[in-house]
Structure formats: structure tokens, C-alpha cells
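Open the structure in your viewer and keep the sequence panel beside it. Each stop below tells you what to select and what to look for there.

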Amino acid sequence: LGEYVGPDPQPEFPTGQWVRFTVYGHYDGNTGFVKVWQDGEPMLQATVSQLADNPGTYLSYAHWGMYAGATASTGTQYNDEINVWRLDAPLADLEAEPDCYLGD
């Protein structure tokens, strides 16, 4: 399962402003690792498992969208400048946000 690794106390997610997410995923057979940065700050990380009948070493699909509880009646999300990069080797530094975004 995933764990929060960001600032303490955990801040509320900002609304009404752009934020940058950088997601790193490393897959190795049936296991993998995912880490998420928000505007350069580490926020989440998780060890993940793939289906035993579909192991792999690459991203086969991705989803950009929202998940919400049954009490949420509306929501708006804007996506801009989505990029997917394939690295030649796993990241050596998992603390610093990878410098592959097209921001600032």
C-alpha cells in the first residue's frame, strides 16, 4: 500500500491554482515502485504488484482523472502539458523530483 511522505502536518490539497505532479514508476516483473512529487515536494510512495499473469517492465496504461467518495456531487479538473517519459535506467535519487518536466 501507499504511504504519505510529504510535509508534516499534511497540507490540504490546493484548489483554484495549478499544481505540478511528477510521477515516477519503476516496474520489475511482478513488483514495482511509484513515487509522486507535487510542485517539487515528495508526497506519496508505494510498492505495487502487478497481476501474476501479466508481469512486465513498462507502463501499459495510465489514467488522469478524479476519484471521489459517494458524497461528492461535482468536481472539475484541468490537465495541461501531460508528458510521459521513458528513462534508460532507474532513478538513482528518489528524493529529488526528476528534472524532466517542461515547467519553469
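The tour goes from the whole chain to the sheet, then to its turns, and ends with some single residues.

**Stop 1: the whole chain**

Select everything. This is a predicted model. Colour it by pLDDT. The mean for the protein chain is 85, and 89% of the residues reach 70 or more. Where pLDDT is low, the predicted coordinates should not be read in detail.

Now switch to cartoon view. How many helices and strands does the protein chain have? The count is zero helices and four strands. Along the sequence the pattern reads β-β-β-β.

Turn on the surface. The protein chain exposes about 8,600 Å². Carbon and sulfur atoms supply 52% of that area. Of the 104 residues, 15% count as buried.

Show contacts next. Take those between residues at least 6 apart in sequence: 45% of them join residues at least 24 apart.

**Stop 2: the sheet**

Select the four strands together. They form an open sheet in the order S1-S4-S3-S2, with antiparallel pairing. Which strands lie at the edges? They are S1 and S2, and each pairs on one side only. On average, neighbouring strands of this sheet are turned by 15 degrees against each other, direction ignored. Strands of a sheet pair through backbone hydrogen bonds, either parallel or antiparallel.

Keep the pLDDT colours on for a moment. Among the strands, compare S1 and S2. Confidence is highest in S1 (residues 2-4), at a mean of 93. It is lowest in S2 (residues 21-28), at 88.

**Stop 3: strand S3 and its partners**

Select residues 31-38, which make up S3. This strand is mostly covered: seven of its eight residues are buried.

Add S2 to the selection. Eight bridges join S2 to S3, and the two run antiparallel. Check three facing positions:

- Thr22 stands opposite Trp37 in S3.
- Tyr24 stands opposite Lys35 in S3.
- His26 stands opposite Phe33 in S3.

Now swap S2 for S4, residues 41-49. Eight bridges join S3 to S4, again running antiparallel. Click Thr31. Its bridge partner in S4 is Ser49.

**Stop 4: the two turns**

Zoom in on the link from S2 to S3. These strands form a hairpin with two residues between them. Select Gly29 in the turn: its phi is positive, about 70 degrees.

Move on to the link from S3 to S4. This is a hairpin too, with two residues between the strands. Select Asp39, which lies in the loop between S3 and S4. What is notable about the phi of Asp39? The value is positive, about 50 degrees, although Asp39 is not a glycine. Most residues other than glycine have a negative phi, and most peptide bonds are trans. Is Asp39 buried, exposed or partly exposed? Asp39 counts as partly exposed because its relative accessibility is 39%, between the cut-offs of 20% and 50%.

**Stop 5: after the last strand**

Go past S4 and select Glu81, which is found in the segment after S4. Glu81 also has a positive phi, near 55 degrees, and is a residue other than glycine. Its relative accessibility is 52%, so Glu81 counts as exposed. The cut-off for that word is over 50%.

**Stop 6: the loop between S1 and S2**

Jump back along the sequence. Select Pro9, in the loop between S1 and S2. Include Asp8 as well. Look at the peptide bond from Asp8 to Pro9: this bond is cis, with omega near 5 degrees.

**Stop 7: a pair of rings**

Show the aromatic side chains last. The count comes to one aromatic pair. Which residues form the pair, and how are the rings placed? They are Phe13 and Phe21, and the pair is stacked. Put a distance line between the ring centres: the value is 5.9 Å. The planes are 5 degrees apart. A pair of aromatic rings is described by the distance of the centres and the angle of the planes.

Finish by colouring both residues by accessibility. Phe13 has a relative accessible area of 48%, so Phe13 is partly exposed. Phe21, at 46%, is partly exposed as well.

Note on methods. Residues are numbered from 1 along each chain as its sequence is written. This is a predicted model: local features need pLDDT of at least 70, side-chain atom pairs count only at pLDDT 80 or more; totals for chains, interfaces and linings use all residues. Side-chain values use heavy atoms; hydrogens and water are left out. pLDDT is the predictor's confidence in each residue, from 0 to 100. Buried means under 20% relative accessible area, exposed over 50%, partly exposed in between (1.4 Å probe, protein chains only). Two strands pair if DSSP finds at least two bridges between them. Contact means heavy atoms within 4.5 Å. Accessible areas come from the Shrake-Rupley method with a 1.4 Å probe; for residues, only the protein chains shown count as cover. Axes are lines fitted to C-alpha atoms, for helices over the stretch in contact, and angles run from 0 to 180 degrees between N-to-C directions. Rings of Phe, Tyr and Trp (its six-membered ring) pair if their centres lie within 6.5 Å; planes under 30 degrees apart count as stacked, over 60 as edge-to-face and the rest as tilted.
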